[in-house]
Amino acid sequence: MAMEMGPGIPRRCPCGALTIVLTSKTKENPGRRFYRCGVIFGENHVFKWADEAILEEIEALAARQSTIENDLIELKGHLLDMKKDTTEIVEVVAVLSTKIQK
Ligand SMILES: [Zn+2]
């Protein structure tokens, strides 16, 4: 089974287990933190350096935030249009009601 993971912090291993954060004690990466499958340490289970995962997480969040900002700008535009429409409707209703009362 190929490991399928998105970018960012791996919260779950493909096997379903929650991940854990540990600190490397190897000569190559002393003190470097990493995410690992909380149950099995093996080929088809999560292993990811925390610094890389966190950087990916931040990049993914920044992309999501810019999408949300654009959506918000669009929604504000719609809201403004709706307010104008409402004002027009209120004016029409006012005119009509004075005509009816006559
Ligand atoms: Zn696993």
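How much of residues 13-53 is helix and how much is strand? Some notes on that and the rest of the chain, bearing in mind that this is a predicted model.

1. To take the opening question: residues 13-53 come out at 10% helix and 32% strand. The C-alpha atoms at the two ends of that stretch sit 14 Å apart. The range is the one UniProt gives, in an unreviewed entry, for the feature "domain: GRF-type".

2. On the overall layout, the protein has 1 helix and 3 strands, and they run β-β-β-α along the sequence. Don't expect a neat ball: the radius of gyration is 27 Å, well over the 13 Å that the globule rule gives for 102 residues, so the protein is more spread out than a compact globule. The C-alpha trace says something similar in its own terms, spanning about 90 × 25 × 20 Å along the principal axes.

3. Burial and contacts for the protein as a whole: 17% of the 102 residues count as buried. If you take contacts between residues at least 6 apart in sequence, 33% of them join residues at least 24 apart.

4. Now the zinc ion. Its ligands are the SG atoms of Cys13, Cys15 and Cys37 plus ND1 of His45, at 2.0 to 2.3 Å. The geometry is tetrahedral because the 4 donor atoms subtend angles of 104 to 118 degrees, and four donors count as tetrahedral when all angles lie between 85 and 135 degrees. For reference, the ideal angle for four tetrahedral donors is 109.5 degrees.

5. The donor spacing in sequence reads C-x1-C-x21-C-x7-H. Cys13 lies in the segment before strand S1 (19-23), while Cys37 is in strand S2 (residues 33-37), so this pair ties together parts that are 24 residues apart in sequence. Both cysteines are tucked away from solvent: Cys13 is buried at 4% relative accessible area, and Cys37 is buried at 0%.

6. Thr19 is worth a click while you are there. This residue belongs to strand S1 and has a relative accessible area of 17%, which puts Thr19 in the buried class, as the cut-off is under 20%. Its side chain reaches the backbone oxygen of Pro10 at 2.7 Å.

7. Leaving aside residues up to four places away in sequence, Thr19 touches two of the zinc ligands, Cys13 and Cys37. Other contacts of Thr19 include Pro10, Arg11 and Arg12, along with Tyr35, Arg36, Gly38 and Val46.

Notes: Residues numbered from 1 in each chain as written. Predicted model: local features only at pLDDT ≥ 70, side-chain atom pairs only at ≥ 80, totals over all residues. Heavy atoms only, no water. Donors = N, O, S within 2.8 Å, 3.2 Å for Na, K, Ca; no water. Tetrahedral: all angles 85-135°; square planar, octahedral: opposite > 155°, others 65-115°. Helix = DSSP H or I, 4+ residues; strand = E, 2+ residues; numbered from the N terminus. Buried < 20%, exposed > 50% of the residue type's maximum accessible area, 1.4 Å probe, protein only. Polar contact = N/O pair within 3.5 Å; in protein donor to acceptor, adjacent residues only side chain to side chain. Contact = heavy atoms within 4.5 Å. UniProt positions renumbered as here; feature names shortened; annotations may be inferred. Rg over C-alpha atoms; globule rule 2.2 N^0.38 Å.
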